[in-house]
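Thanks for coming, everyone. I have one structure to walk you through today. Let me put it up.

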Amino acid sequence: MAFKAPTRRILVIKTRAIGDTVLLSGTLRVLRAQKPYFKIDVLVRAPGGHLLEGLPHVDRVICVTEPKGGFDRMLYWMRLIRRLRERRYEMVLNFHASRRTAFFAKLLRSQLLVANNHDLTGHNWFSDVDV
């Protein structure tokens with residue numbers, strides 16, 4: 001029986017506007033060049049997700065379409081966190097500087113969490129490295 005090494009995974013988070021998603025594609029290309037053996041998943045808002053589908057440097061696009069109601073929204077995010085934890089991301093790169101995505105990224109329990117730094121108080125919470 002052959003030994004199978006565990007899959008190494010990176011999650012990239014950018015849940016803002018479609019334009020930001022387009023700009024992210026260059027970063028994803030560089031990330032693939034630097035980490036060719038990692039599976040790269042990208043979490044984006046639903047309208048922008050289709051822009052990343054089929055790119056050779058993205059393995060999986062996860063589109064977020066959150067409900068409007070407060071309780072339903074919270075439930076949606078908690079279920080998503082549970083599903084994403086199962087993928088055991090080694091690294092989470094949070095390009096969206098918000099408290100919600102910072103907290104969300106931390107709850108995924110990755111080995112390394114890197115958050116974008118916009119020099120805004122509180123927006124780099126939980127990051128292991130300031131970028």
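One term before we start: contact means heavy atoms within 4.5 Å. This is a predicted model, where local features need pLDDT of at least 70, side-chain atom pairs count only at pLDDT 80 or more, and totals for chains, interfaces and linings use all residues. Residues are numbered from 1 along each chain as its sequence is written, and side-chain values use heavy atoms, with hydrogens and water left out.

Let's begin with A105. Leaving aside neighbours within four places in sequence, A105 is in contact with I13, V92 and L113. A105 is found in helix α4. Helices here are DSSP runs of H or I with at least four residues, strands are runs of E with at least two, and both are numbered from the N terminus. Is A105 buried or exposed? It counts as buried, at 1% relative accessibility. The cut-offs: buried is under 20% relative accessible area, exposed is over 50%, and partly exposed is in between, with a 1.4 Å probe and protein chains only. A105 also sits 7.1 Å from N94, C-alpha to C-alpha, with their positions 11 residues apart in sequence.

Now step back to the whole protein. It has four helices and six strands. From the N terminus, the order is β-α-β-α-β-α-β-α-β-β. Of its 131 residues, 41% are buried. Take the contacts between residues at least 6 apart in sequence: 47% of them join residues at least 24 apart. The accessible surface is about 8,100 Å², and 56% of that belongs to carbon and sulfur atoms. Those areas come from the Shrake-Rupley method with a 1.4 Å probe; for residues, only the protein chains shown count as cover.

Next, strand β4, residues 91-94. Both of its faces are covered. M91 and L93 are buried on one side, V92 and N94 on the other. Which strands does β4 pair with? Two strands pair if DSSP finds at least two bridges between them. β1 and β4 run parallel, joined by four bridges. There, L11 stands opposite V92. β4 and β5, residues 112-115, also run parallel, again with four bridges. In β5, L113 is the bridge partner of V92. Recall that V92 and L113 are both in contact with A105.

On to helix α3, residues 70-85. It has 16 residues and reaches 23 Å from first C-alpha to last, close to the 22 Å expected at 1.5 Å a residue. That expected span is 1.5 Å times one less than the number of residues. Which residues of α3 are buried? Y76, W77, L80, I81 and L84. Seen down the axis, they fall within an arc of 135°, so they line one face of the helix. The arc is taken from the directions from the helix axis to the C-beta atoms. The face turned away carries exposed F71 and R82. The buried residues of α3 pack against β1 (9-14), β2 (39-45), β3 (60-64) and α4 (99-107).

Helix α4 has its own buried set: T101, A102, F104 and A105. These cover an arc of only 165° around the axis, which puts them on the same side of α4. They pack against β1, β2, α3, β4 and β5.

That brings us to the cores. In soluble globular proteins, nonpolar side chains tend to be buried together. By nonpolar core I mean a set of buried Ala, Val, Leu, Ile, Met, Phe, Trp, Tyr and Cys residues joined through side-chain atoms within 4.5 Å. The largest one has 16 residues, and L11, L43, L80, L84, V92 and F104 touch the most other members. β1, β3, α3 and α4 each give two or more residues to this core. α3 gives the most, with five. Look at L80: outside its neighbours within four places in sequence, it is in contact with L43, I62, V64 and F104. Another core lies apart, with 15 residues, among them I10, L28, F38 and M91.

Last, two loop residues. R88 lies in the loop between α3 and β4. It has a positive phi of about 50°, although it is not a glycine. R88 is exposed, with a relative accessible area of 68%. R109 lies in the loop between α4 and β5. Its phi is also positive, about 60°, and R109 is not a glycine either. R109 counts as exposed, at 63% relative accessibility.
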